[in-house]
Amino acid sequence: MSWETLGVYRLLSSIPLVVIIVNLQYEGSEGGANPQEIDQHLKLGTQLLSAGQLADALSHFHAAIDGDPDNYLTYFRRATVYLAMGKSRQALPDLSRVIQLKPDFTQARVQRANVYLKQGKLNDAENDYMEVLRVSPNHEDAKTQLGFIEPIREAVQETDEMMTQGRWNEAIQLLTVAIDKCVWDPSLREKRAQCYMEIGEHFKAINDIKPTTKMRPDNTEAYFRVSKMYYDVGELEDSLTEVRECLKLDPDHKSCFPHYKHAKKLNKLYNSAQNFINEGRYEEAIVKLEAALRLEPEIWAYVLWSKSKICKSYRELKDVPHAIKNCAEVLEMDENNIEALVDRAETYILAEEFERAVEDYQKAHDIDNNLRHVTEGLEKAKRLLKQSQKRDYYKILGVKRNARKREIEKAYRKLAAEWHPDNFRSEEEKKIAEKKFIEIAAAREVLADPEKREKFDNGEDPLDPEQQGGGHNPWGNHGFNFNPFGGQGFNFKFHFN
């Protein structure tokens, strides 16, 4: 069953309208042309209404009214369709016309009173219920509904006092009771939205204001308020959607138009920045993000998003100082921002501050231990910390972790020339030089090989026998010749047991 059909079912099951319609179905038309055609429209409209096909039913009732504008029952049927479609404003004139044509038709008056009550028009509802009870003193529905009106009046009056005193939560409770009966009263929803805003429940406020765009005709102010609320909580796309609805009603609206221009420009900057990030063009992304910060420097959600992306971009650029600075600014705004913690941890790894990297990854893991990249990052940072306490090939060559291969080769040649054992005379000095020379050669072997370097960068020493699952010696258990200086005339032979 569709929602539309379900709505009709509930409406028709709560009040026996179909019974009334069927009982009166063959009551003659008064003076309309083509009575057979009119009756056919009424019959088809009633069948379609019972089946929940509201739009088709409505078209038949329109045609019947055009053919016979003085048939009260046709207006009542059309009002029933309007109510089933949630169009109470359109239903009211039809119900009033029914009462005008047939004042003793109690069911129409009850229906109109129900609509007035839902719209919050308490005086009008009260008058209709009392008229029903004057004619039918035992009408249970009228008595029950009438009993709600005075408590609602008192609740609304008390709510106004509470809002003046800043008792927002108490006011929300009373307004909720009133709205339960006056579901189509925009003023009550607007009051409750204000209360929700005061206690920081922005999305609940939005949910109250949005329906009012339909409760009042051409309600541009409500569209603007909803758009601004979405904007203030960082929902930029939703903000643009709502403000466009405002501009459809009034293209030059004094509030909606400038807000639309501002939000659209910010959205364009964000889309451009994200596209640049996706393409790996991080410098260009940073330019767009800094422009976004200048355009919107106040609202927390946008400042946080911009700084988070700047933090990530500098990390990808391996710009350690700027990455650390921007990630720290993000974490000052949101200390539990997992991605900022990850980005700063990875930047700390670049800076070889492994203890800090472990701290950031550990905090991110404590916040959410179900994120795979956080768990893997924490394990890597711990391996690197442990590794740094042993042999660090980057430190041996005196290069940064992001050094290129030619920088590694240059550092290796310089150190190998400096520590070549032929440069030393005493046996003690030669032994020290040999040990140092072997470390330099090992560092070059690992860092100049992309596969071995990747293992080392992930916390695994490819020359460590324990980590490789065997007693691997990078030079074997035999002598080896290597000439680190190419054609520079050096040649040195080592023998190992």
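**Arg-344**

Select Arg-344 in helix 20 (residues 338-350); helices here are DSSP runs of H or I of at least four residues, strands are runs of E of at least two, and both are numbered from the N terminus. Arg-344 counts as buried because its relative accessibility is 17%. Buried means under 20% relative accessible area, exposed means over 50%, and partly exposed lies in between, with a 1.4 Å probe and protein chains only. Now show what Arg-344 touches: Ile-324, Cys-327, Ala-328, Leu-331 and Asp-360, leaving out residues up to four places away in sequence. A contact is a pair of heavy atoms within 4.5 Å.

This is a predicted model, in which local features need pLDDT of at least 70 and side-chain atom pairs count only at pLDDT 80 or more, while totals for chains, interfaces and linings use all residues. Residues are numbered from 1 along each chain as its sequence is written, and side-chain values use heavy atoms, with hydrogens and water left out.

**The whole chain**

Zoom out. The protein has 27 helices and two strands. Of its 497 residues, 44% count as buried. Take the contacts with a separation of 6 or more: residues 24 or more positions apart account for 53% of them. The exposed surface is about 26500 Å², and carbon and sulfur atoms supply 48% of it; the areas come from the Shrake-Rupley method with a 1.4 Å probe.

**Repeats from the record**

Colour the segments that UniProt, in an unreviewed entry, labels "repeat: TPR": residues 38-71, 72-105, 106-139, 220-253, 266-299 and 338-371. UniProt positions follow the numbering used here, feature names are shortened, and annotations may be inferred rather than shown by experiment. Select 38-71: the chain is 79% helix and 0% strand, with end C-alpha atoms 10 Å apart. Move on to 72-105: 79% helix and 0% strand, with the end C-alpha atoms 9 Å apart.

**Helix 3**

Select residues 35-50, helix 3. Its 16 residues reach 23 Å from first C-alpha to last, close to the 22 Å expected at 1.5 Å a residue. The expected span is 1.5 Å times one less than the number of residues. Which residues of helix 3 are buried? They are Ile-38, His-41, Leu-42, Gly-45, Thr-46, Leu-48 and Leu-49. These cover an arc of only 165 degrees around the axis, which puts them on the same side of helix 3. The arc is that of the directions from the helix axis to the C-beta atoms. Step just past the helix to Gly-52, which takes a positive phi of about 85 degrees.

**Gln-100 and Ala-108**

Gln-100 lies in helix 6 (residues 88-101). Gln-100 is exposed, with a relative accessible area of 55%. Draw a C-alpha distance to Tyr-72: 8.5 Å in space, with their positions 28 residues apart in sequence.

Next, Ala-108, in helix 7. At 0% relative accessibility, Ala-108 counts as buried. Leaving aside neighbours within four places in sequence, Ala-108 is in contact with Phe-76, Leu-95, Val-98 and Ile-99. Phe-76 is 32 residues from Ala-108 in sequence, yet their C-alpha atoms are 7.0 Å apart.

**Helix 8 and the core**

Select residues 122-135, helix 8. At 1.5 Å a residue its 14 residues should span 20 Å, and the end C-alpha atoms are 20 Å apart, which agrees. Leu-122, Ala-125, Asp-128, Tyr-129, Val-132 and Leu-133 are buried. Look down the axis of helix 8: these buried residues fall within an arc of 135 degrees, so they line one face. Their cover includes helix 7 (106-118) and helix 9 (140-164).

Now the largest nonpolar core, with 60 residues. Such a core is a set of buried Ala, Val, Leu, Ile, Met, Phe, Trp, Tyr and Cys residues joined through side-chain atoms within 4.5 Å. Those with the most contacts inside it are Val-81, Val-98, Leu-117, Tyr-129, Ile-152, Leu-188 and Cys-195. Helix 5 (residues 72-84) gives the largest share, nine residues. Centre on Ile-152: beyond four places in sequence, Ile-152 touches Leu-117, Leu-122, Ala-178, Lys-181 and Cys-182.

**Two loops**

Most residues other than glycine have a negative phi. Asp-218 has a positive phi of about 50 degrees. Find Asp-218 in the loop between helix 13 (212-215) and helix 14 (220-232). Asp-218 is exposed, at 59% relative accessible area.

Finish at Lys-318, in the loop between helix 18 (300-316) and helix 19 (320-333). The phi of Lys-318 is positive, near 60 degrees. Is Lys-318 buried or partly exposed? Lys-318 is partly exposed, with a relative accessible area of 42%.
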